[in-house]
Amino acid sequence: MPKALVTGCSGFIGSHLTEKLLDLNYKVIGIDDFNDYYDPKIKERNIVGFKNNKNFSLNKFDIRDNDSVSDLFKRENPDVVVHLAARAGVRPSLLQPILYEEVNVIGTLNLLEAARNNNCQRFIFGSSSSVYGECKNIPFKETELDLKPISPYGVSKLTGENYCRTYNHLFKLPIICLRFFTVYGPRQRPDLAIHKFTKLIDEGKSIPVFGDGQYKRDFTYVTEIVDGIISSISYSKTSFEIFNLGESHTTSVTDLVKMLENTIGKKVLIDWQPAQAGDVPLTYADVSKAQELLKYSPKTAPEEGIKKFVDWYLKDKSSVLV
Ligand SMILES: NC(=O)c1ccc[n+]([C@@H]2O[C@H](COP(=O)([O-])OP(=O)(O)OC[C@H]3O[C@@H](n4cnc5c(N)ncnc54)[C@H](O)[C@@H]3O)[C@@H](O)[C@H]2O)c1
């Protein structure tokens, strides 16, 4: 039975990935510190479906704790690492840049060190479209050299990628960095726009829209991301690769709001706010490399995915505690 170590196993993407790996008969060793970036009770709920699975074990500690990371690797000797634990919000990173650096960079280094010391066969790093910053070449391609992130979060992810590249070069650790583009779906983090807007619209409250509403995002349904991660685990040729995982369409905030209005069936009140520092105007993935090499094939159009998200939200409002 192959062994996968998943960091951030109780978060939004990590819990979906863990479920899928268990379905595929992996033994999953999870790490999560249940920090209060958002209500930890939501993270407890995320893992209800698998926490008692005999092939799953949960390790509650902070990836900044190098001794705990290294002891776990020695004990479990995982075949593959999928590293998703991070401080994940863009705007909060402007307020706590040092925390973002410590978790997203030092935490990543602790995992890379443990992976190379234990001869791990594959390391997958959950990176982000934020590394592209205000990139002018659209859609964004992995070959882009002019990467200038505009938030501490984006810098921390690019630094994580650079460490991954260096660890591959120096120690031949096989590594894939996956740049996720605005992920959504059931259990989406409550700080992200689709979740936040749905809650406010459902409660009849106004929603804050920053800038002129023309900011565009490449919204990607969570099962596409999970499929991309699974393909990366079994991708045979790699030494070091970077792949964009997006939907490869881009939707403006105004169009998103209309979609939510139609799906929820309530009129939206918009509270216009000034543009926020650190927010990029556009994200748009070229996914041709992932299509060709990982057989990545996003299938969920935003209208369909939004409906699935709203259905989940309305059915299980009690899961939304903030
Ligand atoms: N959701 C998105 O739209 C998106 C987009 C691009 C990249 N990403 C990346 O994907 C990954 C997962 O994102 P998510 O949306 O599921 O976020 P999430 O916050 O729901 O999940 C991250 C999990 O990691 C855990 N964690 C955080 N810091 C930790 C630490 N120091 N030690 C141990 N555990 C820790 C958290 O408790 C949480 O359960 C992150 O690396 C994020 O940067 C997400």
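**Group meeting: a walk through the model**

Okay, let's start with a quick check on helix H8. This is a predicted model, and H8 has 13 residues, running from 222 to 234. At 1.5 Å a residue those should span 18 Å, and the C-alpha atoms at the two ends sit 19 Å apart, so the expected and modelled lengths agree. Which residues of H8 are buried? The list is Val222, Glu224, Ile225, Val226, Gly228, Ile229, Ser232 and Ile233.

Keep Glu224 in mind, because we can get from there to Pro298: with 24 C-beta neighbours inside 10 Å, Pro298 counts as buried. Pro298 is in the loop between helices H10 and H11. If you skip anything within four places in sequence, Pro298 is in contact with Glu224, and also with Thr220, Glu247, Ser248 and Val287. On the other hand, Pro298 and Thr254 are 44 residues apart in sequence, and their C-alpha atoms are 23 Å apart in space.

That H10 to H11 loop holds Lys295 as well. Is Lys295 buried or exposed? It has 11 C-beta neighbours inside 10 Å, and 12 or fewer makes a residue exposed, so Lys295 counts as exposed. Lys295 also has a positive phi, about 55 degrees, and it isn't a glycine. As background, most residues other than glycine have a negative phi, and most peptide bonds are trans.

There's another one like that: Arg187, not a glycine either, has a positive phi of about 75 degrees. You'll find Arg187 in the loop between strand E7, residues 183-184, and helix H7. Arg187 has 23 C-beta neighbours inside 10 Å, so this one counts as buried.

And while we're on backbone oddities, where is the cis peptide bond? It joins Ile138 and Pro139, with omega at about -5 degrees. Pro139 is in the loop between strand E5 and helix H6, the helix at 152-171.

Now on to H7 and H9. In H7 the buried residues are Ala193, Ile194, His195, Phe197, Thr198 and Ile201. They pack against E7, E8, H9 and H11. Right after H7 comes Gly204, with a positive phi of about 75 degrees.

H9 covers residues 253-264. Same sort of length check: 12 residues at 1.5 Å each should span 16 Å, and the end C-alpha atoms are 16 Å apart, which agrees. What's buried in H9? Val253, Leu256, Met259 and Leu260. Look down the axis of H9 and those buried residues fall within an arc of 115 degrees, so they line one face of the helix. Covering them you have, among others, helix H7 at 193-202, strand E8 at 207-210, strand E12 at 251-252 and helix H11 at 302-315. After H9 comes Gly265, and its phi is positive, near 80 degrees.

Okay, the core. In soluble globular proteins, nonpolar side chains tend to be buried together. Here the largest nonpolar core has 81 residues, and the members touching the most others are Val81, Val82, Phe123 and Ile124. Helix H5 gives this core its largest share, six residues. Take Phe123 on its own: leaving out residues up to four places away in sequence, Phe123 touches Val81, His83, Leu112, Ala115, Leu173, Pro174 and Ile175.

H5 turns up again around the ligand. How many residues surround the ligand? There are 29, and the closest are Gly8, Gly11, Phe12, Asp33 and Ala86. Helix H1 at 12-23, helix H5 at 97-117 and strand E5 at 122-128 each supply at least two residues of that shell. The largest share, three residues, comes from H1. By type, the shell divides into 13 nonpolar, nine polar and seven charged.

Last stop, Gly278, which is in the loop between strand E13, residues 270-273, and helix H10, residues 288-294. Gly278 has 19 other C-beta atoms within 10 Å, and buried takes 20 or more, so Gly278 comes out as partly exposed. Not counting residues up to four places away in sequence, Gly278 touches Val90, Arg91, Leu94, Ile150 and Ser151. And its C-alpha is 28 Å from that of Asp202, a residue 76 places away along the chain.

That's the tour, over to you.

Note on methods: Residues numbered from 1 in each chain as written. Predicted model: local features only at pLDDT ≥ 70, side-chain atom pairs only at ≥ 80, totals over all residues. Near = placed C-beta within 6 Å. Helix = DSSP H or I, 4+ residues; strand = E, 2+ residues; numbered from the N terminus. Nonpolar A, V, L, I, M, F, W, Y, C, P; charged D, E, K, R; others polar. Expected span 1.5 Å × (residues − 1). Arc of directions from axis to C-beta. Contact = placed C-beta atoms within 7 Å. Core = buried A, V, L, I, M, F, W, Y, C linked by C-beta atoms within 7 Å.
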